[in-house]
Amino acid sequence: MNSLKRIFVSIKGQIDHVADEFENHEALAGAAISDLQAIATKTRLHLHRISQLSEQYQKQLSEQQEQAHLWSERAIKVRPDDEQKALQCVKRWQQAKQQINALGLQCEETAAQKMKIRADLDAIQA
């Protein structure tokens, strides 16, 4: 009877040990899932901010393109009457072109960041 009791206690102890390990793994998996969900939420927020920034750059780019077109038309229009005003218009046209180039680079950078963040978000969700 004593040996049967020892076997029973030994088996019960092993079952309890296996159950404890299973519960720990389950808790770790749950914590990992909640961490991934938090990271996914932050990534979505970052993607939204980058999208807004990209839209802002696109808007500024179109405004600068309109300004460049306006200054070039004014330079052509004013040239016969006043050479100095035409030169000022050309200077402003050149400044607008520089802004267009800078905004174009920023648009490319934000587009690249946006694609990378989307890929990261897809990886997190998978």
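Contact here means heavy atoms within 4.5 Å. The exercises below concern a predicted model.

**Exercise 1. Determine how the protein is built overall and what share of its contacts is long-range in sequence.**

Solution.
Step 1. The secondary structure consists of 2 helices and 0 strands. Helix α1 covers residues 2-78, and helix α2 covers residues 83-125.
Step 2. Consider the contacts with a separation of 6 or more: residues 24 or more positions apart account for 78% of them.
Step 3. For the surface, 17% of the 126 residues count as buried. The exposed area is about 10200 Å², of which carbon and sulfur atoms supply 56%.

**Exercise 2. Identify where Thr-110 lies and which residues it contacts beyond its neighbours within four places in sequence.**

Solution.
Step 1. Thr-110 is a residue of helix α2.
Step 2. Its relative accessibility is 4%. Buried means under 20%, so Thr-110 counts as buried.
Step 3. With the neighbours within four places set aside, the contacts of Thr-110 are Ile-50, Leu-53, Ser-54 and Tyr-57.
Step 4. For one of these partners, Leu-53, the C-alpha to C-alpha distance to Thr-110 is 7.6 Å, although 57 residues of sequence lie between the two positions.

**Exercise 3. Characterise Ser-62 by its helix, its accessibility and its C-alpha distance to Ile-100.**

Solution.
Step 1. Ser-62 belongs to helix α1.
Step 2. A relative accessibility of 31% places Ser-62 in the partly exposed class.
Step 3. Ser-62 and Ile-100 are 38 residues apart along the chain, and 8.5 Å separates their C-alpha atoms.

**Exercise 4. Find the salt bridge of the structure and describe the setting of its two residues.**

Solution.
Step 1. Side chains of opposite charge can pair when their charged atoms come close.
Step 2. Searching the whole structure yields 1 salt bridge. Its partners are Lys-116 and Asp-120, with an N to O distance of 3.3 Å.
Step 3. The two residues are 4 residues apart in helix α2, so about one helical turn separates them.
Step 4. Lys-116 is exposed at a relative accessible area of 53%, whereas Asp-120 is partly exposed at 34%.

**Exercise 5. Decide whether Lys-114 is buried or exposed, and state how far away the nearest side chain of opposite charge is.**

Solution.
Step 1. Lys-114 is located in helix α2.
Step 2. Lys-114 is buried, and the nearest side chain of opposite charge belongs to Glu-55, 6.1 Å away.
Step 3. A salt bridge requires a nitrogen-to-oxygen distance within 4 Å, and Lys-114 has no salt bridge.
Step 4. Not counting residues up to four places away in sequence, Lys-114 touches Leu-47, Ile-50 and Ser-51.

**Exercise 6. Establish how many aromatic pairs the structure holds, and which residue lies over the face of Trp-71.**

Solution.
Step 1. The count of aromatic pairs is 0.
Step 2. Over the face of Trp-71 lies Arg-74, at 4.8 Å from the ring centre.

Notes
Residues are numbered from 1 along each chain as its sequence is written. This is a predicted model: local features need pLDDT of at least 70, side-chain atom pairs count only at pLDDT 80 or more; totals for chains, interfaces and linings use all residues. Side-chain values use heavy atoms; hydrogens and water are left out. Buried means under 20% relative accessible area, exposed over 50%, partly exposed in between (1.4 Å probe, protein chains only). Accessible areas come from the Shrake-Rupley method with a 1.4 Å probe; for residues, only the protein chains shown count as cover. Rings of Phe, Tyr and Trp (its six-membered ring) pair if their centres lie within 6.5 Å; planes under 30 degrees apart count as stacked, over 60 as edge-to-face and the rest as tilted. A charge sits over a ring if NZ of Lys or CZ of Arg is within 6 Å of the ring centre and within 35 degrees of the ring normal. Lys and Arg count as positive and Asp and Glu as negative; His and the chain ends are not counted.
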